[in-house]
Amino acid sequence: MEKAKQGRGILAAAIIILLVILDQTIKIKVKTSFYLGESLPVTSWFQLVFIENNGMAFGWEIGSKLLLTLGRIVVVAFLIYYICRIRRSPKARTGYIVCLALIVAGAAGNIIDCVFYGRIFNNPLPPETAVMFPASGGYAPLFFGKVVDMFYFPLASWYWPDWMPWVGGEHFIFFRPIFNLADAAISVGIIALLLFYSRQISEVPFSLRGKKPAAGKEGEAE
């Protein structure tokens, strides 16, 4: 049991490191191989489309970019600290820690874009592709880089009937947002957390205050 609890910390670290490496590998490949706006159809319902955004997951933009990036850093730092504190707690299930690791990995992947991409890439006009470490310098200061997105899943599309209010006659695409691996990791982590481990959010913090479970009451890792 003790080895299993220790292994959860290693599992969380492995998930974070692996996802960040995969996320950055895909982003760098797309950034240096596609011009901005270029698309590559893979199937009828999946395309690679190179876009960039200043905001949060799926291209949403909320508030100041600098505050957004700093806020992400604070959240990631807190979650890493939290995982380190609860990794051996009998109250914290393995799946709960995995969900937190997914969120950390996704947030960290997008943080790297925001903090460093403006310094290490240029941003040429199409049809030119970006160069890593260009002689002319990057396109933005530290903390003001843009997040690279590329996954597009137009699973279905249709025209709304003309008689429908507000949307009548308009073309609708499902699923329209373009996202990256980091966004997917955050979304999967949050959705799984809410669906399967919502009770853990309120139960696990007690372990941070050193509260010991009664004999025979220890939860088992899942």
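1. Helix α2 (residues 65–86) packs on helix α3 (residues 94–120) at about 150 degrees, with the axes 9 Å apart. Helices here are DSSP runs of H or I, at least four residues, numbered from the N terminus; axes are lines fitted to C-alpha atoms over the stretch in contact, and angles run from 0 to 180 degrees between N-to-C directions. This is a predicted model, with local features needing pLDDT of at least 70 and side-chain atom pairs counting only at pLDDT 80 or more, while totals for chains, interfaces and linings use all residues. Residues are numbered from 1 along each chain as its sequence is written, and side-chain values use heavy atoms, with hydrogens and water left out.

2. That angle makes α2 and α3 roughly antiparallel to each other (over 145 degrees). The crossing of α2 over α3 is left-handed, with the near helix turned anticlockwise from the far one by less than a right angle.

3. On the α2 side, the contact residues (heavy atoms within 4.5 Å) include Ile73, Val76, Ile80 and Ile83, and the α3 side includes Leu100, Val104, Ala107 and Ile111. The split is 18 nonpolar, two polar and two charged (nonpolar being Ala, Val, Leu, Ile, Met, Phe, Trp, Tyr, Cys and Pro; charged Asp, Glu, Lys and Arg; polar the others, Gly among them).

4. Now for the other partner of α3: its axis and that of helix α4 (residues 181–196) come within 7 Å and cross at roughly 155 degrees. Among the residues making this contact are Gly106 and Gly109 of α3, and Ala185, Gly189 and Ala192 of α4. Here the residues divide into twelve nonpolar, four polar and one charged.

5. α3 and α4 are therefore roughly antiparallel too, and α3 passes α4 in a left-handed crossing.

How values were computed: Helix = DSSP H or I, 4+ residues; strand = E, 2+ residues; numbered from the N terminus. Parallel < 35°, antiparallel > 145°, perpendicular 65-115°, else oblique.
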